[in-house]
Amino acid sequence: MNYHLVFTPKYRRRSFFGPSRDRLMEIFTATCAERDWLIWGMEVMPDHVHVFVSCPPKWAPSDIAKILKGVSARLLLQEFPELKRRGHLWTNAYYVGSAGNISAEVIQRYIEGQRKGQVEDDGV
C-alpha cells in the first residue's frame, strides 16, 4: 500500500532546518529501510513533513505514523537539545491518505512541489 503521511511539530513551530532537517531525513530513510518500506518521496519543511511511503499491507497506517514519529522524536531530542526545551516534538495528530498506482505520481509531484512553494514564500 502507498501512503501519503504529513506530520507537524508541536504548536507548528518551525523546527526543521539545516542539520535537524538533514538528520530527520536520515532517520526516516533508515527507519523505513529497516522495515523494508520504500520511500517514494519526502520533503521536510520547517513546520511540517511530507512522506510518501510504500509498505506491505500488514502495516497499519497508524503504526507507520507511530514508528516514524516515535523513532525520530527520540533521536532528534537526544541530538538537538534546543528542540527538547519545547517539550514534545510532534503533535498527536497526523494526516494519512492511501494512494493507488495512478495517483502515486500525482502525490509525488505534489510533495516535490511543496519545497519550491515554501522557498518562494519564505524568500530563502
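Strand E3, residues 49-54, is largely enclosed by the rest of this predicted structure, because six of its six residues are buried, buried meaning under 20% relative accessible area. The burial applies to both sides of the strand: Val49, Val51 and Val53 point one way from E3, while His50, Phe52 and Ser54 point the other way, and all are buried.

The pairing of E3 can be followed next. Strand E1, residues 2-7, pairs with E3 in the antiparallel sense, over six bridges. Strand E2, residues 38-44, also runs antiparallel to E3 and is joined to E3 by six bridges. E2 and E3 form a hairpin, with four residues between them.

His50 is a useful residue to locate in both pairings. In the pairing with E1, His50 is the bridge partner of Val6. In the pairing with E2, Glu43 stands opposite His50. The side chain of His50 belongs to the set that points the same way as Phe52 and Ser54.

Helix H2 brings the helical part of the model into the picture. H2 covers residues 61-79, and its 19 residues reach 27 Å from the first C-alpha to the last, close to the 27 Å expected at 1.5 Å a residue. The buried residues of H2 include Ile64, Ile67, Leu68, Val71, Leu75 and Leu76; Lys69 and Ser72 are also among them. The buried residues of H2 pack against strands E1 and E3, and against helices H1 (19-34) and H3 (81-84). E3 is thus met again here, as a strand bridged to E1 and to E2, and as one of the elements against which the buried residues of H2 pack.

Methods
Residues are numbered from 1 along each chain as its sequence is written. This is a predicted model: local features need pLDDT of at least 70, side-chain atom pairs count only at pLDDT 80 or more; totals for chains, interfaces and linings use all residues. Side-chain values use heavy atoms; hydrogens and water are left out. Buried means under 20% relative accessible area, exposed over 50%, partly exposed in between (1.4 Å probe, protein chains only). Helices (H or I, at least four residues) and strands (E, at least two) are DSSP runs, numbered from the N terminus. Two strands pair if DSSP finds at least two bridges between them. The expected span of a helix is 1.5 Å times one less than its number of residues. Contact means heavy atoms within 4.5 Å.
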